[in-house]
Amino acid sequence: MADSDHSTTMPPVTNGKTANALDRLPHADPAILLLRDWSRAQRVSQVLCRLQQRLERRFLDAVGSEAMDKQVEYSIACQAEVEATTAALKLQDKIPHLRARSLLGVVAKLEIIAGADRDIDDPTDFPWPHIASVLEDLREIAGSLPLERPGRSVVQADCRRYKTVAADFVGLRMQGANLRLGQGAASDNMDPTEHRP
């Protein structure tokens, strides 16, 4: 085997099944770790997108003071989705600056690129089918990365975190709008018996 120069790190196999390559490789490739984080951010973004769509329908169907409450819920959900999507995009932006340490790391980088392709209007245009073909070839040679979907509790925790950030942002935005309209902190401190001009 003198001509064999394989330095590919293969995922371990347990009970006849390939283990999660990210959590069980002793020296995980940074590109594989990036794929894990990106996949999680994508999943959270998708969950928040569906939540935002449900709340949009409820907001559009609401009337009166209920509409105002639904608008706030909807605004928070929209901002939470933006936060999660931004996190996924920031992870994608790391690809060119990250060096894979194995063929599986290269597969991981292409998995992110091909996965981001789903958001493109026409994934049949060059170079997307070609990248998908290269990815398929690499999977055949190096193996694939059997990533597990993040658990429900992990996704829910991430969603709560993004919703908290979004609620703070929406609250500040609404507070700023109220101040511009003269309804903010200054008007709250006025004597209720005092007449406004």
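## A nonpolar surface patch

On the surface of this predicted model, Leu 103, Val 106 and Ile 141 together make up a nonpolar patch, whose combined accessible area is about 240 Å². One of these residues, Val 106, belongs to helix 4, which covers residues 103-116. Val 106 has a relative accessible area of 31% and is therefore partly exposed, since that term applies between the limits of 20% for buried and 50% for exposed residues. The value also lies over the 30% that a residue of a patch must exceed.

## A positive surface patch

A second patch is of another kind: Arg 50, Arg 54, Arg 58 and Arg 149 form a positive patch on the surface. Among them, Arg 50 is located in helix 2, the helix of residues 30-61. With a relative accessibility of 40%, Arg 50 is classed as partly exposed, because this value falls between the same limits of 20% and 50%.

## The chain as a whole

Turning to the overall fold, the chain contains 7 helices and 2 strands, and their order along the sequence is β-β-α-α-α-α-α-α-α, with the strands preceding the helices. When contacts between residues at least 6 apart in sequence are considered, 72% of them link residues that are at least 24 apart.

The chain has 197 residues, and 32% of them count as buried. Its accessible surface amounts to about 13,100 Å², and carbon and sulfur atoms account for 53% of that area.

Methods
Residues are numbered from 1 along each chain as its sequence is written. This is a predicted model: local features need pLDDT of at least 70, side-chain atom pairs count only at pLDDT 80 or more; totals for chains, interfaces and linings use all residues. Side-chain values use heavy atoms; hydrogens and water are left out. Patches are made of residues with over 30% relative accessible area and no salt bridge: like charges are joined within 9 Å, nonpolar side chains (Val, Leu, Ile, Met, Phe, Trp, Tyr) within 5 Å. Accessible areas come from the Shrake-Rupley method with a 1.4 Å probe; for residues, only the protein chains shown count as cover. A salt bridge is a side-chain nitrogen of Lys or Arg within 4 Å of a carboxyl oxygen of Asp or Glu. Helices (H or I, at least four residues) and strands (E, at least two) are DSSP runs, numbered from the N terminus. Buried means under 20% relative accessible area, exposed over 50%, partly exposed in between (1.4 Å probe, protein chains only). Lys and Arg count as positive and Asp and Glu as negative; His and the chain ends are not counted. The place of a charge is taken as NZ of Lys, CZ of Arg, CG of Asp or CD of Glu. Contact means heavy atoms within 4.5 Å.
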